[in-house]
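Work through the exercises below with the sequence and the model side by side. Try each task before you read its solution.

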Amino acid sequence: MKGRGRHCEICGKGRMERHLVSHAKNNFVRYAKPNLHRARVMLKGRVKSVLVCASCIKRGKVPRVPARILTRPAAAS
């Protein structure tokens, strides 16, 4: 999904367009942006830092990377 701007890498949720209508029936377009977070995930066997929406994080769709994989092994003395 390249070229779509800021969007969720898991579900593809991006900017949503909606119309606001005043009491005087004046219409204008408002854009709602998804709640994106940068997360370190395991994709295709590699650790990547990607933008993921909060709803995917809550539902458990994101394969988060455990902390022990991120840290380097201790140097041998």
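The mean pLDDT of the protein chain is 83, and 81% of its residues reach 70 or more. Here pLDDT is the predictor's confidence in each residue, from 0 to 100. This is a predicted model: local features need pLDDT of at least 70, side-chain atom pairs count only at pLDDT 80 or more, and totals for chains, interfaces and linings use all residues. Residues are numbered from 1 along each chain as its sequence is written, and side-chain values use heavy atoms, with hydrogens and water left out.

**Exercise 1. Lay out the fold**

Task: Find which elements the protein chain has and in what order they run.

Solution. Step one: count. There are two helices and four strands. Helices (H or I, at least four residues) and strands (E, at least two) are DSSP runs, numbered from the N terminus. Step two: order them. From the N terminus, the chain reads β-β-β-β-α-α. Step three: check confidence. E2 has the highest mean pLDDT of the elements, 92, and H2 the lowest, 60. Where pLDDT is low, the predicted coordinates should not be read in detail.

**Exercise 2. Judge the cover**

Task: State what share of the 77 residues is buried.

Solution. Step one: set the cut-offs. Buried means under 20% relative accessible area, exposed over 50%, and partly exposed in between (1.4 Å probe, protein chains only). Step two: apply them. Buried residues are 23% of the 77 in the protein chain. Step three: look at the surface. The chain exposes about 6600 Å², and carbon and sulfur atoms supply 50% of that area. These areas come from the Shrake-Rupley method with a 1.4 Å probe; for residues, only the protein chains shown count as cover.

**Exercise 3. Follow the first hairpin**

Task: Work out how E1 and E2 run and how many bridges join them.

Solution. Step one: locate the strands. E1 covers residues 16-21, and E2 covers residues 27-32. Step two: pair them. Six bridges join E1 to E2, and the two run antiparallel. Two strands pair if DSSP finds at least two bridges between them. Step three: name partners. Arg18 stands opposite Arg30, and His19 has Val29 as its bridge partner. Step four: check cover. None of the six residues of E1 is buried.

**Exercise 4. Find the positive phi angles**

Task: Say where Lys25 and Lys44 lie, and whether each is buried or exposed.

Solution. Step one: take Lys25. Lys25 sits in the loop between E1 and E2. This hairpin has five residues between its strands. Lys25 is not a glycine, yet its phi is positive, about 65°. Its relative accessible area is 63%, so Lys25 is exposed. Step two: take Lys44. Lys44 lies in the loop between E3 and E4. Its phi is also positive, about 55°, although Lys44 is not a glycine. With a relative accessible area of 87%, Lys44 is exposed.

**Exercise 5. Assemble the core**

Task: List which residues make up the largest nonpolar core.

Solution. Step one: define it. A nonpolar core is a set of buried Ala, Val, Leu, Ile, Met, Phe, Trp, Tyr and Cys residues joined through side-chain atoms within 4.5 Å. Step two: list the members. The 10 residues are Cys8, Leu36, Ala39, Val41, Val50, Leu51, Val52, Cys53, Cys56 and Val62. Step three: sort by strand. E3 (36-43) and E4 (46-53) each give at least two core residues. E4 gives the largest share, four residues. In soluble globular proteins, nonpolar side chains tend to be buried together.

**Exercise 6. Test the cysteines**

Task: Explain why Cys8 has no sulfur bond to Cys11.

Solution. Step one: set the limit. A disulfide is a pair of cysteine sulfur atoms within 2.5 Å. Step two: compare. The closest cysteine sulfur to that of Cys8 is in Cys11, 3.7 Å away, so it is too far for a bond. Cys8 is buried, at 0% relative accessible area. Step three: repeat for Cys56. Its nearest cysteine sulfur, in Cys53, is 3.5 Å away, and Cys56 is in no disulfide. Cys56 is buried too, at 1% relative accessibility. Step four: widen the search. The whole structure has zero disulfides.
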